[in-house]
Structures are given as C-alpha cells and as structure tokens.
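Please read this report with the sequence and the structure side by side. It takes up a sheet, then a ligand site, then a helix.

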Amino acid sequence: MSAPSCDDRPGALDIDSAHRRIAAAIEPIEATERVALRAALGRVLAEDLRAPLDIPPDTNSAMDGYALRGTDLDTDGAAALRMVGTAWAGHPLAREIGPGECARIMTGAPIPARADTVVMQERTTADGDTISIRGGEPGSNVRAAGEDLPAGGVALTAGTAIRPAELGVIASLGLTEVPVRRRPRVALFATGDELFEPGQTLKPGGLYDSNRYTVWGMLTRLGMEIDDRGHLPDDRTAVEASLLAAAAENDAIVTTGGVSVGAADHVAMVLRDHGDVGFWQITMKPGRPLNFGFFGRALMFGLPGNPVSAMVTFYQFVRPALDALAGAGYRRMPTLRARAAVDFPKKPGRTEFQRARLVSADDGSTAVEQVGPQGSGRLSSMSRADCFVVLPADCEGVAAGEWVDVQLFEGLV
Ligand code: AMP
Ligand code: MG
C-alpha cells in the first residue's frame, strides 16, 4: 500500500480515499459455525435461509369479526347470515362455510374452508344466530398463507446482520440453529506510561485509562470477540513484542495512543517497521493521526490517544471495517440532514466531526445543537452528544438555520 498526499499535511489522506482504502483491503472471515437461535443475535448469516413453510402458515383473519363468502354480500356489502360456529387462533373451525352462512372469527384464526372474506365485528349486529352485516367488501381482511414469506423462497440472504427482527424471522421459520460466520477476534491495547487502571492510586502525572473502556464498549456493541491485552508502556521493545504476539492470535488489533510523530509514539514506529501500512493520517478533526494497515495477517488500527479522537475514528473507520471483516459488508455511518439550531463555527482545511445533540425545533422539525467545548480530550462532550455534525473540509462554519449533515451514534436496532 502507498499513501497519496492530500490537503493540509503531506501524506494525509482525505476521508473518502481512506474509506476506499480500508474497504478494498478487507477480506471477510470465511469460517462458519452453527449457533443456537438466540446466540445468533448480532452475528452475520453465513448462508441464504429458505423458508421451509409458508409464513404465515395458514390463510387467516386480520380482524376480529365474521368470516363469510364474498358472494353472499349484496352490492352495498350487506347480508343477513346464519352463524354456524367460531374460529379461534390456534383452533380452526372444523367445517366449511356454506352459502348464507358465516362464522365468528378472531384475529389470526385460520379462515374456514369456502369462506374468503372477513367483516370486522364493528360492522355487524347479532340477533341470536342471525348476523346482520353492513359495509363488507369481498376478499377483505384476509391474510394469505405465504404472503409474507412463501415456502421455498429465500427469507434472509447470506451476509445479513442478525438484529431482533431477523431473530424473529428465523424463529418464525421454526429453526433452532443458525449458520453464522465466525466472529472476528479483536485484540485491544491502550498505550501510554501515564495510564492507570481504575481502582489504582494515581501517581504524579498519571491519569486513568478511559480508552480501553470506550473502545471495549464499542467493540462489545459490535459483537466482536475481544482479547483485552491491557496497557502497554511507552517502550519500543514492549510494544513490538506485544503487537507481534497479538497479531498471531487475532483477526484485528485496535490500539490507542502512540500513533503520532512524538518521540514516545512507538505504535507508529513499530507499525512502520513491521507492518504493511495503508496510511498514517487523515484530514479530519478530531483524529488526524490514525494508523491503518496490517500487522502480520491481522488488520491493524492505531487510534489516537485523545479520548474523543479515539471514539470518532472508531465510529468512522473501525466500525465499518470490523463489520466488513465479520462478513456484513463495509457501510459508512449513514448521514441525515438536520437544521443547525445554533452556529457551528469551523476553520477550513479538515473535515470536522463536531459532537452534537438532536433536539425538536419549535415547528416540530429536528434540529441539532452543540454540546459545549469540542476539545479532543474532553470525553464528556461525547457523553453529552448523540450525533456528529459533519462539516466538510472546505466549510467555513455554519450559521443557525442552515442544513447540516448529521450522523447518529446509535440506531434502534
Ligand atoms: P497520544 O496519542 O499517546 O499522544 O495521547 C494523546 C493524549 O491522549 C494524551 O493527552 C494522553 O494522555 C491521552 N491518552 C492517551 N491514551 C489514553 C487513554 N487510554 N485514556 C485516556 N487518555 C489517554
Ligand atoms: Mg501516548
């Protein structure tokens, strides 16, 4: 891999090119396994799943009401019919509906033989066994067997990420095991002599490691198998040995810190010496030093140490890359548009990912507001935010009322 130069620093790559480089470099994990239904949540489907039966299995009622023959309705949709029984969900009526007859039916109950129409309860009146119908429409309120998924058809395609909806679809097919790809195994390190573990007593100049917790959280949400390898000191020999060992046992390595041009930035130096390097820097803020490449056969992301930069670069690049490694394809964070509720100042030069929060404007539309100071060391700005406002490299700031691009950190699924 070679790094073309761009924009504000020699060797720095623009964001689109960085995405293209990463997407092109990743080869998805091919190994598969079968897991129990619930364990498939968050995994990637390894094969197309065909429906072994119609979904729904029976033609059934979409309403509580009366099942009848559409030909019994007059031109106004009215009829007076004799009730011959009741069809319940799970308890089909064991007789057919003849001319002039109807059956009481509950939502989800199979439509009795020879009936083809359901008239909702609210459009009927009962007088003993005689049911007066008004406003019925032939063929209405009936859900056909197989209308959602026909037997033999592909219900879910290989490469689908299994969310709660897919889990339900697989359950509806009656399956108890799911063929999925093996999960990527990801080694995680934080680097820096200043780092202490929560619970330890800080020494002068020390601070508690937060990156290994934010990154662990994001990796966990992504469904990765995590190999947490703790802290590395700012020591070349230790960094070198640890990265080599991690590369032999993992599909990917994510580190934080030590990737810039400082004298203690050993991750960058070791990657330069041993790795196959894609790029070092991206014209973005925060997150300019971002090392991407391969270390042995492991995909390597050296994230910046600043806590906000580590999270921003993870969301932008590591998340789609690990999804692609898992077999679900490389998908950049989706971008929506919202109105700026306040001014978003910016200097031209780099694409900025400003931390922000969605709010409802007075007219009911969605707007986006600032969450306070944007320093890349201020992790609390991420905690107050639910989205990024993405301001392109050449943008010189946005005034309140203008439209901006917004990326949500989290979806519903
Ligand atoms: P570096 O990228 O190693 O130069 O670190 C940049 C800044 O991020 C420094 O202020 C570090 O102290 C801070 N930093 C690095 N790693 C962590 C971490 N794991 N948790 C919190 N802050 C960190
Ligand atoms: Mg450091």
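In which sense do β14 and β17 pair, and over how many bridges? In this predicted model, the two strands run in the parallel sense and are joined over 6 bridges. Within that pairing, R185 has E225 of β17 as its bridge partner. β14 also pairs with β18 (residues 252-256), again in the parallel sense, over 5 bridges, and there A187 stands opposite I253. Because 6 of the 7 residues of β14 are buried, this strand is largely enclosed by the rest of the structure.

These strands belong to an open sheet of 7 strands, whose order is β1-β19-β21-β22-β18-β14-β17 and whose pairing is mixed. β1 (12-13) and β17 (225-232) are the edge strands, and each has a single partner, so one side of each is left without a neighbour in the sheet. An antiparallel pairing is found between β21 (residues 289-295) and β22 (residues 298-303), which are linked over 5 bridges, with F292 standing opposite F301 of β22.

The next topic is the ligand site. Ligand 1 is surrounded by 15 residues, of which the closest are E194, D209, S210, G258 and G305. By class, the residues of this shell divide into 5 nonpolar, 8 polar and 2 charged. The table lists polar contacts of ligand 1.

| Ligand 1 atom | Protein partner | Distance |
|---|---|---|
| nitrogen | S210, polar backbone atom | 3.0 Å |
| nitrogen | N211, N or O atom in the side chain | 3.3 Å |
| oxygen | G258, polar backbone atom | 2.9 Å |

On its own, ligand 1 has 490 Å² of accessible area, and the protein covers 74% of that area. The elements that contribute two or more residues to the shell around ligand 1 are β14 (185-191) and β16 (207-208); β14 is thus a strand that pairs with β17 in the sheet and also one that gives residues to the ligand shell.

The last topic is helix α6, which spans residues 307-326 and has a kink of about 45 degrees centred on F314. The helix is mostly covered, since 18 of its 20 residues are buried. Just after α6 comes G327, which takes a positive phi of about 100 degrees.

Terms used: Residues numbered from 1 in each chain as written. Chains lettered and ligands numbered in written order. Predicted model: local features only at pLDDT ≥ 70, side-chain atom pairs only at ≥ 80, totals over all residues. Heavy atoms only, no water. Bend = angle between axes of the 7 residues up to and from the residue. Helix = DSSP H or I, 4+ residues; strand = E, 2+ residues; numbered from the N terminus. Buried < 20%, exposed > 50% of the residue type's maximum accessible area, 1.4 Å probe, protein only. Near = heavy atom within 4 Å. Polar contact = N/O pair within 3.5 Å; in protein donor to acceptor, adjacent residues only side chain to side chain. Areas by Shrake-Rupley, 256 points an atom, 1.4 Å probe, with all protein chains shown as cover. Nonpolar A, V, L, I, M, F, W, Y, C, P; charged D, E, K, R; others polar. Pairing = 2+ DSSP bridges.
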